[in-house]
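Open the model in your viewer and keep the selection tool at hand. This tour goes stop by stop, telling you what to select next.

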Amino acid sequence: MALIGGSKAFVQDEEKQRLLLEEHTEKHFTASEVVRDIIIGVSDGLTVPFALAAGLSGANASSALVLTAGLAEVAAGAISMGLGGYLAAKSEADHYNRELQREQEEIDTVPDVEAAEIADILSQYGLGPAEYGPVVASLRGNPAAWLEFMMRFELGLERPEPRRALVSAATIALSYVAGGLVPLLPYVFVPRAGRAMAVSVAVTLAALLFFGFVKGRFTGDRPFLSALQTTVVGALASAAAFAMARAVQSI
C-alpha cells in the first residue's frame with residue numbers, strides 16, 4: 001500500500017510539473033523598472049524641448065536659434081535626468097544594503113523574536129500554528145532563505161539588480177534624447193520658425209499619441225486612454241510655454 005501511495009504521489013508531482021511547464025505560461029511583464037525609466041525619459045524628452053521650442057517660436061526666434069537652444073536643452077536634460085536616475089537607483093540599493101545588514105544582525109542577536117515575526121506574517125495569510133510551524137522551523141534551518149524572507153515579506157524590499165544604477169542612468173538619458181529630438185527635427189528642415197513650429201506641433205502630438213498608446217500596452221493601462229492623457233499633458237505644457245513667451249514679448 002505504501003508503494004502504491006508513493007507511486008500516486010510521484011504521478012501527481014509529474015502531472016503538476018507538466019501543467020506548469022506546458023500548459024500554463026504566465027504573461028507577466030517583469031521589466032517594470034526599465035519601462036518606468038523609458039517612460040520618464042521619453043515623456044520628458046517629448047514635452048520639455050517641445051515646450052521650449054514653442055516658447056522660443058512664440059517669441060519670434062529664428063529656426064536656427066530654436067534648434068540650437070533645443071539641442072543644448074536636450075543635452076543638458078539628458079545629463080540631468082540620467083544623473084537623477086543614477087542617484088535614485090544608487091540610493092535605493094544603499095537603503096536595501098543597510099536594511100539587509102540590520103536584519104541580519106537581528107537574526108543573529110534575537111532569533112526567537114525574528115522567528116515570531118515569521119509566524120505573525122504567515123498568520124496574516126490565514127495559516128494556523130500547525131501550518132506555519134514547519135515553515136518557521138525550515139527557515140530557521142536555512143539562514144540565507146530566512147534573511148531573504150524577512151527582507152521581502154517584513155520590509156517589502158526586493159534585492160536590486162547589481163548594475164541597476166548604471167542601467168537606469170543610461171536608459172533615462174538615451175530615452176530623453178530620443179524623445180527630445182522629435183520636436184526639434186522640423187526646425188532642421190523648415191527655416192521659418194513659425195511654420196516649423198506648426199510642423200513640430202503635429203509631429204510631436206503624433207509621437208505623444210503613439211508613445212502613450214505603447215506605454216498603455218506595456219503597463220496594462222487602457223492604451224487609448226493612456227495615449228490621450230500623454231498627449232493632453234504634452235499639449236498643455238507646450239501651450240503654457242508658448243503663452244508665457246507671448247506674454248513676455250508683449251511687455
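Where is valine 190 found? Select valine 190: this residue sits in the loop between H7 and helix H8 (193-219). Helices (H or I, at least four residues) and strands (E, at least two) are DSSP runs, numbered from the N terminus.

Before moving on, a note on what you are viewing. This is a predicted model, in which local features need pLDDT of at least 70, side-chain atom pairs count only at pLDDT 80 or more, and totals for chains, interfaces and linings use all residues. Residues are numbered from 1 along each chain as its sequence is written, and side-chain values use heavy atoms, with hydrogens and water left out.

**Around valine 190**

Stay on valine 190 and add Ser63, Arg195 and Ala196. Valine 190 is in contact with these three, leaving aside neighbours within four places in sequence. Contact means heavy atoms within 4.5 Å. Now add serine 200. Valine 190 and serine 200 are 10 residues apart in sequence, and their C-alpha atoms are 10.0 Å apart in space.

**The whole chain**

Zoom out and colour by secondary structure. The chain has nine helices and zero strands. From the N terminus on, the elements run α-α-α-α-α-α-α-α-α. Of the 251 residues in the chain, 34% are buried. Buried means under 20% relative accessible area, exposed over 50%, and partly exposed in between (1.4 Å probe, protein chains only). Turn on the surface. The accessible surface of the chain comes to about 15200 Å², and 66% of it belongs to carbon and sulfur atoms. Accessible areas come from the Shrake-Rupley method with a 1.4 Å probe; for residues, only the protein chains shown count as cover. Among contacts with a separation of 6 or more, 75% are between residues 24 or more positions apart.

**Helix H2**

Select residues 32-58. This is helix H2, with 27 residues. Helix H2 reaches 38 Å from its first C-alpha to its last, close to the 39 Å expected at 1.5 Å a residue. The expected span is 1.5 Å times one less than the number of residues. Step just past H2 to asparagine 60, which takes a positive phi of about 65 degrees.

**A buried pair**

Go back into H2 and pick aspartate 37. Aspartate 37 counts as buried because its relative accessibility is 2%. Which residue does aspartate 37 meet in a salt bridge at 2.9 Å? The partner is arginine 164, with that distance taken between the closest N and O atoms. A salt bridge is a side-chain nitrogen of Lys or Arg within 4 Å of a carboxyl oxygen of Asp or Glu. Aspartate 37 lies in helix H2 and arginine 164 in helix H7, so the pair ties together parts that are 127 residues apart in sequence. Both aspartate 37 and arginine 164 are buried. Aspartate 37 also meets arginine 36 in a salt bridge (3.9 Å, N to O). Arginine 36 is partly exposed, at 42% relative accessibility.

**Along helix H7**

Select threonine 171, placed in helix H7. Threonine 171 is buried, at 15% relative accessibility. Not counting residues up to four places away in sequence, threonine 171 touches Val34, Asp37 and Ile38. The threonine 171 side chain also reaches the backbone oxygen of valine 167 at 2.7 Å.

Next, select Leu71, Leu181, Leu185, Val188 and Phe189. They make a nonpolar surface patch of about 480 Å². Patches are made of residues with over 30% relative accessible area and no salt bridge: like charges are joined within 9 Å, nonpolar side chains (Val, Leu, Ile, Met, Phe, Trp, Tyr) within 5 Å. Helix H7 (residues 164-189) gives the most to this patch, with four residues. Valine 188 is partly exposed, at 46% relative accessibility.

**More salt bridges**

The structure holds eight salt bridges. Show arginine 140 and aspartate 112: their closest N and O atoms are 3.2 Å apart in a salt bridge. Arginine 140 lies in helix H5 (residues 129-140) and aspartate 112 in helix H4 (residues 111-123), so this pair ties together parts that are 28 residues apart in sequence. Arginine 140 is partly exposed, at 35% relative accessibility, and aspartate 112 is exposed, at 55%. Then select Glu148, Arg152, Glu158 and Arg159, which are joined into one network by salt bridges that share partners.

**Last stop**

Select serine 226 in helix H9 (residues 223-250). Is serine 226 buried or exposed? Serine 226 is buried, with a relative accessible area of 3%. Add Gly212, Lys215 and Gly216, which serine 226 touches, not counting residues up to four places away in sequence.

Technical notes:
A polar contact is a pair of N or O atoms within 3.5 Å; within protein, one must be able to donate a hydrogen and the other to accept it, and residues adjacent in sequence count only if both atoms are side-chain atoms.
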